[in-house]
Amino acid sequence: MVAAVPGHIVVVGGGVFGAASALVLRARGWTVTLLDPHPLPYEGASSTDVSKLVRMDYGSDVFYHELAEAALAGWDRWNAEWPRRLYHEGGLLVLSRGPMLPGGFEHESWSVLCERGYEPQRLGQGALAERFPAWRAGRFPDGYVNARAGWAESAAVVDRLLGLASQAGVSIRRDGFASLVAAGSRVAGVVTTSAERIAADKVLVCAGAWTPTLLPWLADRLWSVAQPVLYFRAPDPAAFRGPSFPPWAADIAGSGWYGFPATADGSVKIGHHGTGARAHPDERGEVSPEHVERARAFLREALPALADAPLVARRVCMYCDTFDGDFLIDHDPDHEGLVVASGGSGHAFKFAPVLGNIVADAVERRPSRWAERFRWRATGGRRAEEARFVGG
């Protein structure tokens, strides 16, 4: 297969997929125009917000473990190169409501870490109570701590990538995508929502939860899902930071609860990963009072000091899910000249340092160990719940 020669590419979407890809493509010699109708970074995009988890814990799925391992090296590089550290390596606390058993997410994650030379620390109730006193230890008799993990300031990361892209010569336009421009059997550019026609050699759609709306023929493989996120004001923020309160996943496969240390203003972010509700990202609604009550019930049994803490914010985070939990990064076989990079499925952000190269390799049809997993594929495969359990 002949690799693409750099020309002009229009990137649709300025979230983490679009920003990282635009930056790498520009470095490879492409003329890049990035379109997004929103002020960037857009607060309604799934890749923004205050924080996202960065972790290698992926059950028995060694592919994602190794991909996250490569991304972590990239986070270290960005921390060294950028003016301010945006990745914070505080570890990941993984808790289980019962003994970790073979086949379960917690046990398989722990086993892969051990097999690949890491040393996650196994925790029983006594160790949990001593090291992580905010937690009600009796509820979680087993678990571990993975020191090689943490969280990233997600909106700040996207802002930094967009700034670097602009400095490198990427044209960032506040305009939306209306339609593709066809030239015979191939895609030859886009028409914007302001009715401007932009010619291009390639069009790369990285529109996140808006992708199924912009490209409706992908509805059998991509759909938008709303997931709730809450922010509680900690009564003693210091007790919810530092080594005693790292990012966490509390029996995630069964409960769906995960969270982060307190931010500078004392807010503790708590997310819930479940099946979610399909919704258009512009009509996502609000987090329901019923979900808030479910969250408080969880806090009463697990993190009692937060159970009655003021709820200071709530957010509906939009995922772009795929049918199998793997990203979709490839040329559309039915639209020559169109490349799709979407389907983050709630777990893509942590891969930001390697994501741009994966997408650029797909655009240029370069061989890539990583891109192979995300190729165009038949629908109806497995549903990889353990691969996508935590977004952030």
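Let me start with S179, whose bridge partner in β11 is V191. Keep in mind that this is a predicted model. S179 and V191 belong to a pairing between β10 and strand β11, residues 186-192, which is antiparallel and runs over 6 bridges. As a general point, strands of a sheet pair through backbone hydrogen bonds, in either the parallel or the antiparallel sense.

These two strands sit in an open sheet of 3 strands, in the order β10-β11-β12, with antiparallel pairing. Which strands stand at the edges of this sheet? They are β10, residues 177-183, and β12, residues 197-199; each has a single partner strand, so one side of each has no neighbour in the sheet. On average, neighbouring strands here are turned by 35° against each other, direction ignored.

Between β11 and β12 there is a loop, and A195 lies in it. The phi of A195 is near 75°, a positive value in a residue other than glycine. Is A195 buried or exposed? Its relative accessibility is 62%, so A195 counts as exposed.

Next, the open sheet of 6 strands. Its order is β9-β2-β1-β13-β21-β20, and the pairing is mixed. The edges are β9, residues 171-173, and β20, residues 328-331, each of which pairs on one side only. The twist from one strand to the next averages 15°.

At the β20 edge, β20 is joined to strand β21, residues 338-342, by 4 bridges, and the two run antiparallel. Within that pairing, D330 has V340 of β21 as its bridge partner.

Now to the helices on this sheet. Helix α1, residues 16-27, lies across β1 (8-12), β2, β13 (202-205), β20 and β21, and runs at about 165° to β2. Helix α9 also packs on the sheet, where it touches β1, β13, β20 and β21. The direction of α9 makes about 25° with that of β20.

Helix α9 has a helix contact as well. How do α2 and α9 cross? The axes of α2, residues 62-81, and α9, residues 352-363, come within 7 Å and cross at roughly 110°. That crossing makes α2 roughly perpendicular to α9. On the α2 side, the contact is made by L67, A70, A71, G74, W75, R77 and W78. On the α9 side, it is made by A352, P353, V354 and I358. By type, the residues of this contact divide into 9 nonpolar, 1 polar and 1 charged.

Following the chain past α9, we come to R365, in the segment after that helix. R365 has a phi near 55°, again a positive value in a residue other than glycine. With a relative accessibility of 32%, R365 counts as partly exposed.

Another strand to look at is β5, residues 92-96. How many of the residues of β5 are buried? The count is 5 of its 5 residues, so to speak a mostly covered strand. In a regular strand, side chains alternate between the two faces of the sheet. In β5, L92, V94 and S96 are on one side and L93 and L95 on the other, and all are buried, which leaves both faces covered.

Strand β5 has pairings with β7 and β15. With strand β7, residues 142-146, the pairing is antiparallel over 5 bridges, and L95 has G143 as its bridge partner there. With strand β15, residues 248-250, there are 3 bridges and the strands run parallel. In that pairing V94 stands opposite A249.

One backbone detail lies earlier in the chain. The peptide bond from L40 to P41 is cis, with omega near -5°. P41 is placed in the loop between β2, residues 31-35, and β3, residues 52-54.

Last, the confidence of the prediction. The chain averages a pLDDT of 95, and 96% of the residues score at least 70. Where does pLDDT stay under 50? That happens over residues 383-388, for which the model has 27 contacts beyond four places in sequence. Where pLDDT is low, the predicted coordinates should not be read in detail.

Definitions and conventions
Residues are numbered from 1 along each chain as its sequence is written. This is a predicted model: local features need pLDDT of at least 70, side-chain atom pairs count only at pLDDT 80 or more; totals for chains, interfaces and linings use all residues. Side-chain values use heavy atoms; hydrogens and water are left out. Axes are lines fitted to C-alpha atoms, for helices over the stretch in contact, and angles run from 0 to 180 degrees between N-to-C directions. Angles under 35 degrees count as roughly parallel, over 145 as roughly antiparallel, 65 to 115 as roughly perpendicular and the rest as oblique. Contact means heavy atoms within 4.5 Å. Ala, Val, Leu, Ile, Met, Phe, Trp, Tyr, Cys and Pro count as nonpolar, Asp, Glu, Lys and Arg as charged, and the others, Gly among them, as polar. Two strands pair if DSSP finds at least two bridges between them. pLDDT is the predictor's confidence in each residue, from 0 to 100. Buried means under 20% relative accessible area, exposed over 50%, partly exposed in between (1.4 Å probe, protein chains only).
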